Amino acid sequence: MRVSDLPTLPARLTRPVYFRGPAPRVAAPLAALDAPMDKLKITGGVPLRGELAMSGAKNAALPALAVALLTADELVIDNVPQLADIATMSRLLRGMGVAVERHGARLTVSAAQPTATEAPYELVKTMRASVLVLGPLLARFAQARVSLPGGCAIGARPVDQHIKGLRAMGAEIEIEHGYIVARAPRLRGAHIATDMVTVTGTENLMMAAALADGTTVIENAAREPEVGDLALLLNAMGARIQGAGTDRIVIEGVERLHGATHRVLPDRIETGTFLVAAAATGQFGGADVTLRDVAPGTLDAVLDKLREAGCEVANNGDWIRLRMDRRPRAVSVCTAPYPDFPTDMQAQFMALDCVADGAGQIVETIFENRFMHVLELQRLGADIAIEGHTAQVTGVPRLSGAKVMATDLRASAGLVIAALAAEGETVVDRIYHLDRGYDRMEQRLAALGARIERQK
Ligand code: UD1
């Protein structure tokens with residue numbers, strides 16, 4: 001049977017109301033969305049010093065918002081960062097008739113009476129993580145229509161594993177007019193082994209399985225801390241999930257989930273980015289930065305590499321202090337799923353190697369096209385040779401400021417770090433990429449002494 005042959009669903013779920021409905025009640029769109037051509041002007045050469053609090057994790061907050069679709073009760077999500085990606089997910093949910101309200105870092109989300117089950121192309125193309133609504137929609141409303149994300153700057157990034165897993169749970173899925181059209185009267189538990197480790201794939205399947213009939217086992221599951229955080233939230237809502245954080249997650253489906261309050265874990269990538277920024281500026285007279293509200297236990301691979309680069313790193317409970325008073329030593333990194341070195345820190349470490357003593361190899365194994373920042377780093381005078389998935393970076397004593405362009409979120413962070421370590425002035429264009437994942441990065445770097453300003 002094709003999806004189109006299935007019986008018509010209740011009118012309240014089929015009306016095309018995606019951008020009508022009540023007036024938005026979340027904070028006004030971020031400046032980044034209104035003025036996409038903002039630039040950052042950075043004058044390098046200042047060692048970063050001071051103390052800074054880190055935000056909640058973007059990659060945990062996004063699925064936490066999608067989870068709201070699984071219950072008619074209210075969810076309260078705390079420690080949600082102020083980011084363009086969070087604004088996009090809020091818009092996506094509001095388009096489905098979900099109420100989303102922000103009070104500081106706290107979001108209240110209620111999907112009591114959703115009016116649509118579609119994620120339109122216009123939003124999914126700007127943020128791939130929109131696909132996270134697929135599992136919850138299907139599990140609670142028996143249907144979903146979610147745009148395929150298409151390509152993105154860092155690679156093809158298909159969602160075949162999400163689809164494969166949901167099909168194993170009994171969903172009928174067709175690709176029609178660029179959309180994943182899925183139906184399942186009630187998902188049923190299944191044994192799923194994903195072909196590769198996928199973070200949002202694991203999350204989508206875990207959310208869907210929470211309301212399925214029977215037990216689901218996900219083998220080769222992503223072990224990222226954000227997956228564990230999502231399992232905590234789901235269990236607080238009444239789900240029965242075990243093994244999150246390992247590569248085998250067992251989910252016993254329940255009839256319904258209820259409301260809950262959850263605090264999103266700290267952002268390990270934001271934390272790592274600020275630490276590398278400090279490390280890259282140590283050569284200018286001693287960097288000394290303490291980051292608070294962090295989760296050091298989620299950063300082992302990154303902290304090890306920073307120590308190898310010559311940084312003094314101390315941590316305890318929820319803070320990390322980094323001190324660095326010389327040119328970094330070059331380090332080699334190879335990206336891999338957690339707990340190994342994160343692909344989301346690759347560009348930042350490449351920037352560090354650009355000014356290091358010696359040569360380092362950066363191997364990217366997760367995304368096929370994640371070296372877009374190399375050409376821009378070369379504009380600053382970096383010595384980088386690429387062969388396939390490997391970049392050979394030979395440090396130079398000084399980079400020199402230039403105009404460069406951000407190409408994706410983490411590439412932008414790498415460029416900012418290189419600019420902080422460069423001589424003279426650098427202008428980083430197209431920083432709307434940066435605003436997707438970093439809250440007011442320029443203000444917070446400025447608080448650590450950096451000479452950095454946003455230009456409209
Ligand atoms: C998540 C993170 C992103 C991070 C990435 C890898 C979120 C919102 N984003 O992205 O910041 O860079 O993990 O740590 O959490 N793949 C397939 N088929 C699939 C799914 C994935 O081939 O169905 C491939 C991808 O193309 C990629 C690899 O698997 O090469 C890993 O991707 P995945 O873990 O799914 O990345 P995201 O979840 O999109």
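Helix α6, residues 134-141, makes a handy way into this predicted model. The helix is mostly covered, with seven of its eight residues buried. Those seven are Leu134, Gly135, Pro136, Leu137, Leu138, Ala139 and Phe141. Right after α6 comes Ala142, and its phi is positive, near 70 degrees.

From this helix, the view can widen to the nonpolar interior. The largest nonpolar core holds 78 residues, and Met89, Val133, Met206 and Leu234 are the ones that touch the most other members. Helix α3, which spans residues 58-67, gives this core the most, namely seven residues. Apart from this core lies another one, made up of 70 residues, with Ile42, Ile320, Ile417 and Val428 among them.

Two of the well-connected members of the 78-residue core, Met89 and Met206, can be followed through their contacts. Setting aside residues up to four places away in sequence, Met89 touches Leu62, Leu65, Ala66, Met127, Ala129, Ser130, Leu132 and Val133. Met206, for its part, sits in helix α8. With a relative accessible area of 0%, Met206 counts as buried, because the cut-off for that label is under 20%. Once its neighbours within four places in sequence are left out, Met206 is in contact with Ile218, Val227, Leu230, Ala231, Leu234, Ile241, Ile249 and Ile251. Among these partners is Leu234, itself one of the core residues that touch the most other members. As for Lys164, its C-alpha atom is 13 Å from that of Met206, and the two residues are 42 places apart along the chain.

Helix α3 also carries a charged residue, Lys58. Lys58 is buried too, at a relative accessible area of 7%. Not counting residues up to four places away in sequence, Lys58 touches Pro81, Leu83, Asp85, Asp267, Leu409, Arg410, Arg436 and Gly437.

Then there is the ligand. It is surrounded by 19 residues, and the closest of them are Gln161, Thr198, Thr200, Asp344 and Ile366. By type, the shell divides into eight nonpolar, six polar and five charged residues. Helices α7 (160-168) and α8 (199-210) each supply at least two residues of this shell, and α7 provides the largest share, with three. Several polar atoms of the protein come up to oxygen atoms of the ligand. A backbone N or O atom of Gln161 lies 2.7 Å from one ligand oxygen. For the side chain of Asn59, the distance from an N or O atom to an oxygen atom of the ligand is 3.0 Å, and for the side chain of Arg128 it is 3.1 Å. On its own the ligand has 740 Å² of accessible area, and the protein covers 88% of that.

Asp344, one of the closest residues to the ligand, belongs to the loop between β18 (333-334) and α12 (346-354). Although it lies in a loop, Asp344 is buried, because its relative accessible area of 17% falls under the 20% cut-off. Its side chain is joined to that of Arg370 by a polar contact of 2.9 Å. With neighbours within four places in sequence left aside, Asp344 is in contact with Asn59, Ile269, Arg370 and Arg410. Two of these partners have turned up already: the side chain of Asn59 has an N or O atom 3.0 Å from a ligand oxygen, and Arg410 is among the residues that Lys58 touches.

Methods: Residues numbered from 1 in each chain as written. Predicted model: local features only at pLDDT ≥ 70, side-chain atom pairs only at ≥ 80, totals over all residues. Heavy atoms only, no water. Near = heavy atom within 4 Å. Polar contact = N/O pair within 3.5 Å; in protein donor to acceptor, adjacent residues only side chain to side chain. Areas by Shrake-Rupley, 256 points an atom, 1.4 Å probe, with all protein chains shown as cover. Helix = DSSP H or I, 4+ residues; strand = E, 2+ residues; numbered from the N terminus. Core = buried A, V, L, I, M, F, W, Y, C linked by side-chain atoms within 4.5 Å. Buried < 20%, exposed > 50% of the residue type's maximum accessible area, 1.4 Å probe, protein only. Contact = heavy atoms within 4.5 Å.
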